[in-house]
Amino acid sequence: MNNTLDTAIQTVITVAVLAIAVLPAIIGTIRDRRIDVQLRDAQEGRDRRTGVLIVFDLAYGRHEDRVFRANAGRSSK
């Protein structure tokens, strides 16, 4: 009984140490991939949520013009 319990405790400790060592690398890889996708979408001028080009909108004009109007409205307050 004691030998089985010791083996189980050693296994849990080993898995915990392995998780502590590997988890930051996995999280970092996922974060880097997300940032790479965001940079690629920004370079292509795409909105990730809709997949639509955000350079020009038929209803509101060029993206830069919309940003200018939005910022101009904020600065006047």
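The following dialogue examines a predicted model of a protein.

Student: Which secondary structure pattern does the protein follow along the sequence?
Tutor: The protein contains two helices and two strands. Read in sequence order, these elements give the pattern α-β-β-α.

Student: Where is confidence lowest and where is it highest in the protein?
Tutor: The mean pLDDT of the protein is 79, and 69% of its residues reach 70 or more. Strand E1, residues 56-57, has the lowest confidence, at a mean of 57. The highest confidence, at 90, belongs to H1.

Student: How many Å apart are the end C-alpha atoms of H1, and what span should its residues have?
Tutor: Helix H1 covers residues 2-44. Its 43 residues, at 1.5 Å a residue, should span 63 Å. This expectation agrees with the model, because the end C-alpha atoms of H1 are 62 Å apart.

Student: At which residue does a kink lie in H1?
Tutor: H1 contains the proline proline 24 shortly after the site in question. The kink is about 30°, and it lies at valine 22.

Student: What phi does glycine 45 take?
Tutor: Glycine 45 comes just after H1. Its phi is positive, with a value of about 75°.

Student: Which residues make the nonpolar surface patch?
Tutor: The patch amounts to about 370 Å². One of its residues, leucine 5, is found in helix H1. The patch is made by Leu5, Ile9, Ile13 and Val17.

Student: What percentage of the exposed area do carbon and sulfur atoms supply?
Tutor: Of the 77 residues of the protein, 6% count as buried. The protein exposes about 7000 Å². The share that carbon and sulfur atoms supply is 63%.

Terms used
Residues numbered from 1 in each chain as written. Predicted model: local features only at pLDDT ≥ 70, side-chain atom pairs only at ≥ 80, totals over all residues. Heavy atoms only, no water. Patch = residues over 30% accessible without salt bridge, like charges linked within 9 Å, V, L, I, M, F, W, Y side chains within 5 Å. Areas by Shrake-Rupley, 256 points an atom, 1.4 Å probe, with all protein chains shown as cover. Salt bridge = Lys/Arg side-chain N within 4 Å of Asp/Glu carboxyl O. Helix = DSSP H or I, 4+ residues; strand = E, 2+ residues; numbered from the N terminus. Buried < 20%, exposed > 50% of the residue type's maximum accessible area, 1.4 Å probe, protein only. Expected span 1.5 Å × (residues − 1). Bend = angle between axes of the 7 residues up to and from the residue. pLDDT = per-residue confidence, 0-100.
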